[in-house]
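Here is a short briefing to read alongside the model. Points are grouped by topic.

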Amino acid sequence: MSSLVVSTEIPTEIHLTRTFDAPRNLVMKAMTTPALIKKWLGGVRADVISVDMDVRPGGRYRYEFAVKGGGPRFAFVGTIREIGPDRVVQTESMEGMPGESINTTTYEEKDGRTIMKVVMVFPSKEMRDQVVATGMSDGAGESYDELAKLLKSL
Amino acid sequence: MNEILLDTVFAALADPTRRAILARLAAGPASVTELGQPFDMSQPAISKHLKVLENAGLIARGRDAQRRPCQLVASPLRAVDGWIADFRAHWEETYAALDDVLEDLKKEAAAKKKRTKTQRRKGRTP
């Protein structure tokens, strides 16, 4: 299956690109229907406890998770700013934490497959780095790509 | 790998000169003089960077008293890479779960299409 591309080249942004073997209407349906979100958004590490989502411009959403095996609970909250046939713009923050990112997701359909691109814009590089890895010291973000290159040469 | 060590390693990697030094050392051991050549920097300044890298466990210095060649130690870098990879791995896993949901939706959509066709055909038969 198609692999995920993560780019941290821009210091205050995270870019994710992933291709899905399904048409755009189904990908968007799976990403904006609470009952379907519950089935996948926790991945293998967390259970999705609840999904509240008011799918319209200005609508709020809240995803609550619990780390698998009775672990701690946490939630992501935000507002949907824009929702179109091939694009969703939403704010996102971890509940109880300061600062939020603005996430723009675009969906491009090609030969029955969908290329999804997520651009997350943070108010600062520090906040971006925190999202990539909590506890990471400041200034480490820009080293990912360099590091990846370096590691390949070892 | 504990958090304190990770912090030290990340702080060491946060500087472009130090990353360039590591990239040079990836090609093989080098002396302080050799390492300083590409930079417009005094030898004490280079030595300071090397000290930071050494404290983070990213390089080792040879015993040869005169040259004390520097050598890359790859293990902390691999650990840091593993940690960054965690973010990617999380989304890899999550999107793999989405792939399964999409497979189900595709099957449902195909079944619905088939039903509609059958109904239409039935409709035409007197």
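**Across the chains**

Leaving aside neighbours within four places in sequence, L98(B) is in contact with F20(A), A30(A), M31(A) and W40(A). This is a predicted model. The predictor gives the complex an ipTM of 0.75 and a pTM of 0.62.

**Nonpolar cores**

- The largest nonpolar core has 36 residues. L16(A), M31(A), W40(A), Y63(A), Y95(B), L98(B) and L102(B) touch the most other members.
- Several elements each supply at least two residues of this core. From chain A they are β2 (13–20), α1, α2 (34–40), β3 (46–53), β4 (60–67) and β8. From chain B, α5 (75–124) joins them.
- α5(B) gives the most to this core, with 7 residues.
- Another core lies apart from it, with 18 residues. Among them are L22(B), L53(B), L58(B) and L77(B).

**Aromatic pairs**

- A search of the whole structure finds 7 aromatic pairs over all chains.
- In one of them, the ring centres of F65(A) and F76(A) are 6.2 Å apart. Their planes stand at 80 degrees, so the pair is edge-to-face; the cut-off for that class is over 60 degrees.
- F65(A) lies in strand β4 of chain A, and F76(A) lies in strand β5 (residues 73–83) of chain A. The pair therefore ties together parts that are 11 residues apart in sequence.
- F65(A) counts as buried, at 6% relative accessibility. F76(A) counts as partly exposed, at 24%. The cut-off for buried is under 20%.
- One aromatic cluster takes in F20(A), W40(A), W91(B) and Y95(B).
- Two of these names recur in the core: W40(A) and Y95(B) are listed there among the residues that touch the most other members.

**Layout of chain A**

- Chain A has 4 helices and 8 strands.
- From the N terminus on, its elements run β-β-α-α-β-β-β-β-β-β-α-α.
- Buried residues make up 45% of the 154 residues in chain A.
- Take the contacts in chain A with a separation of 6 or more. Residues 24 or more positions apart account for 33% of them.

**Strand pairing in chain A**

- Strand β6 (residues 87–94) and strand β7 (residues 101–110) of chain A pair in the antiparallel sense over 6 bridges. Here R87(A) stands opposite T106(A) in β7(A).
- The hairpin of β6(A) and β7(A) has 6 residues between the strands. In this hairpin, G96(A) takes a positive phi near 90 degrees.
- β7(A) is also joined to strand β8 (residues 113–121) of chain A, by 9 bridges. These two strands run antiparallel.
- Opposite partners in β8(A) are I115(A) for E108(A) and V121(A) for I102(A).
- The hairpin of β7(A) and β8(A) has 2 residues between the strands. In this hairpin, D111(A) takes a positive phi near 50 degrees.
- β2(A) and β8(A) pair in the antiparallel sense over 8 bridges. T19(A) has I115(A) as its bridge partner in β8(A).
- I115(A) thus appears in two pairings: it stands opposite E108(A), and it is the bridge partner of T19(A).

**A closer look at T32(A)**

- Where does T32(A) lie? T32(A) belongs to helix α1 (residues 24–32) of chain A.
- Is T32(A) buried or exposed? T32(A) has a relative accessible area of 18%, so it is buried; the cut-off is under 20%.
- The T32(A) side chain reaches the backbone oxygen of M28(A) at 2.6 Å.
- Neighbours within four places in sequence aside, T32(A) is in contact with I37(A), M53(A), V55(A) and I83(A).

**Confidence in chain B**

- Chain B averages a pLDDT of 81. In this chain, 83% of the residues score at least 70.
- Which elements of chain B have the lowest and the highest mean pLDDT? Helix α1 (residues 3–13) of chain B has the lowest, at 74. Helix α4 (residues 43–55) of chain B has the highest, at 92.

Definitions and conventions: Residues numbered from 1 in each chain as written. Chains lettered and ligands numbered in written order. Heavy atoms only, no water. Buried < 20%, exposed > 50% of the residue type's maximum accessible area, 1.4 Å probe, protein only. Polar contact = N/O pair within 3.5 Å; in protein donor to acceptor, adjacent residues only side chain to side chain. Contact = heavy atoms within 4.5 Å. Pairing = 2+ DSSP bridges. Core = buried A, V, L, I, M, F, W, Y, C linked by side-chain atoms within 4.5 Å. pLDDT = per-residue confidence, 0-100. Phe/Tyr/Trp six-rings, centres within 6.5 Å; stacked < 30°, edge-to-face > 60°.
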